[in-house]
Amino acid sequence: MKIDHLGFTDAVERLAARAGVELRYEDGAGAAGRSRPASGVRQRLVEANAAAAAFYVQALTGPDAVAGRTLLQERGFDAAAAATFGVGFAPRSGDALFTELRGRGFTDDELVAAGLVGRSGTGRMYDRFRGRLMWPIRDVTGDTVGFGARRLFDDDRIEAKYLNTPDTALYKKSQVLYGVDLAKREIARARQIVVVEGYTDVMACHLAGVSTAVATCGTAFGDEHTRVVRRLIGDTDAAGEVVFTFDGDAAGRRAALKAFDSDQRFVARTFVAVEGTGKDPCELRRSDGDEAVRDLVAARVPLFEFAIRSTLADHNLDTEEGRLAALDAAAPIVAAIKDPALRHRYAVSLDRWTGFLDERFVVSRVARVARPDNRGGPGGREPDRPAPMIDRDPMVAAERMALACALQYPDLVAAEVDALGEGAFRSPAHHAIHEALRAVGGVSGRSSANLVTAIGDFVPSTVAPLVTELAVMDLPAGEAEVARYARGMVARVAEVEVTQTVIDLTRRLTRLDPSVEVDTYRQTSADLHAAHLRQRALRDRVMGG
């Protein structure tokens, strides 16, 4: 049980077969309730599959198998690699394997039961696999229990790219993992298993040094696979790792999100490794070498994070509406996390990834989704989001005084006012006046009277009285202090504008992956640093520094 990582019943059956002891089952079932063949029958099926594997390996060297050898070479596998994984070729004749195994004493019923041969309605026997590249699928003990077969020829009547052995007494596609016989010891030692999508991906990983790689066989990763993996990695604590690799295309992303459903069946941590350009491990090894495959696995990200970020990728996070839609889509994923502490951590991360920078709001929204009754507050309403702190009355007053200073003392604040951006003023009336100032080319070089006259044609009639009022209103500063006061008021408006820039850049930065979007991350960091410096300088000016 320890050496081969078997359950008790499987270990007993394995030893009984070696010792020639016939096991008897109550009601014909094993300890787990599964239907099991008598030990003598099982051994015959194992022997038939072993003989078939040897036959296919030999056939790969023949003249009819050129297409198979070419495909392997194109994928970067030489003869030694093919031999390591027992890759073979099923002849096209249709009865070559049947004739060979019948000559070795296997009966028709045994060959059909092993899934190697089919029987037509008229009783004619035929090879199940014909004209295909063959991979032997072995159980954890090393016994060949089935095969995976890849289409090679255009005239193959079966159009499916891959065929697998049908479920037999030995082969259950929902339980077997290709490569587990080669990977089991390293899996147990490293307490890591890497689940890839295909036979050539397993080969590529092992040859590249990722010797914990396995693959499902013609089916999605399911509950039975989970049980096998848990036994292999000794899944009793969070020290183990289960790493799913998927193609970087849309289908691979969907597969990864589907794997998310299996995540919480493990005590071990689960990760996703996706190659950004869409290459699978086999393609990656061929184009970029062994190190690239190792780097792919090393750069794995937690499965929860991948599922959340993949959902956010479908939304525009540069707008409030897009961020809210993204939050609503991702909140159920976070809410589904069973561990309360982990759920809270990802809710906090979700706040950063969406760019809200409003942790209480995001955490409360996730908590609302996580509640069984799905209600947010009294009467089932969602708690209100805290109102934004910007655009309060004090700021409107600051905008008013800044414009008054600009209209009355344009020579004192020309540089500061002309440097303000389009969105500096939030009050609609103040914004209209500022737009008029921009329309006449700014305040630089103008007198107060000239400036008021110039913008008269550019402000709405409803705003014109406010221009007159601002041009003559008293300022709370004496003649000696008016310059510093005026610059301080304009600086306060500019500070609000640059603060919004800081918020926007911070949101953008939190959504970037510094290991992937290197140049964009570096430039955004530089822009944010510059914005912080300007913000600090403006605050000093506001405070009279």
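Before you start: here, "buried" means under 20% relative accessible area, and "exposed" means over 50%. Keep in mind that you're working with a predicted model.

**Exercise 1. Work out which residues of helix α21 (residues 464-472) are buried, and explain how they sit around the axis.**

Solution.
- Step 1: Apply the cut-off. Leu-466, Val-467, Leu-470 and Ala-471 come out buried in α21.
- Step 2: Look down the axis. Those four cover an arc of only 135 degrees, so they lie on the same side of α21.
- Step 3: Recall the helix rule. An α-helix has 3.6 residues a turn, so residues three or four places apart point the same way.
- Step 4: Flip to the face turned away from the buried side. There you'll find Pro-465 and Val-472, both exposed.

**Exercise 2. Check whether the length of helix α19 (residues 428-439) agrees or disagrees with its residue count.**

Solution.
- Step 1: With 12 residues at 1.5 Å a residue, α19 should span 16 Å.
- Step 2: The C-alpha atoms at its ends are 16 Å apart, so the two values agree.
- Step 3: Now add burial. His-430, Ala-432, Ile-433, His-434, Ala-436 and Leu-437 are the buried residues of α19.
- Step 4: Go past the end of the helix. Gly-441 follows α19 and has a positive phi, near 95 degrees.

**Exercise 3. Describe the second largest cavity and its lining.**

Solution.
- Step 1: Searching the whole structure turns up two cavities of 30 Å³ or more. The second largest has a volume of about 30 Å³.
- Step 2: List its lining: Phe-85, Pro-136, Arg-138, Tyr-178, Gly-179, Asp-181 and Leu-182.
- Step 3: Sort them by type. You get four nonpolar, one polar and two charged residues.
- Step 4: Map them to elements. β4 (132-138) and α7 (180-190) each supply at least two lining residues.

Conventions. Residues numbered from 1 in each chain as written. Predicted model: local features only at pLDDT ≥ 70, side-chain atom pairs only at ≥ 80, totals over all residues. Heavy atoms only, no water. 1 Å grid on protein atoms, 1.4 Å probe; cavity = no way out; pocket = protein on both sides within 12 Å on 5 of 7 lines; lining within 4 Å. Points joined across faces, edges and corners; volume = space filled by probe spheres on them. Nonpolar A, V, L, I, M, F, W, Y, C, P; charged D, E, K, R; others polar. Buried < 20%, exposed > 50% of the residue type's maximum accessible area, 1.4 Å probe, protein only. Arc of directions from axis to C-beta. Expected span 1.5 Å × (residues − 1).
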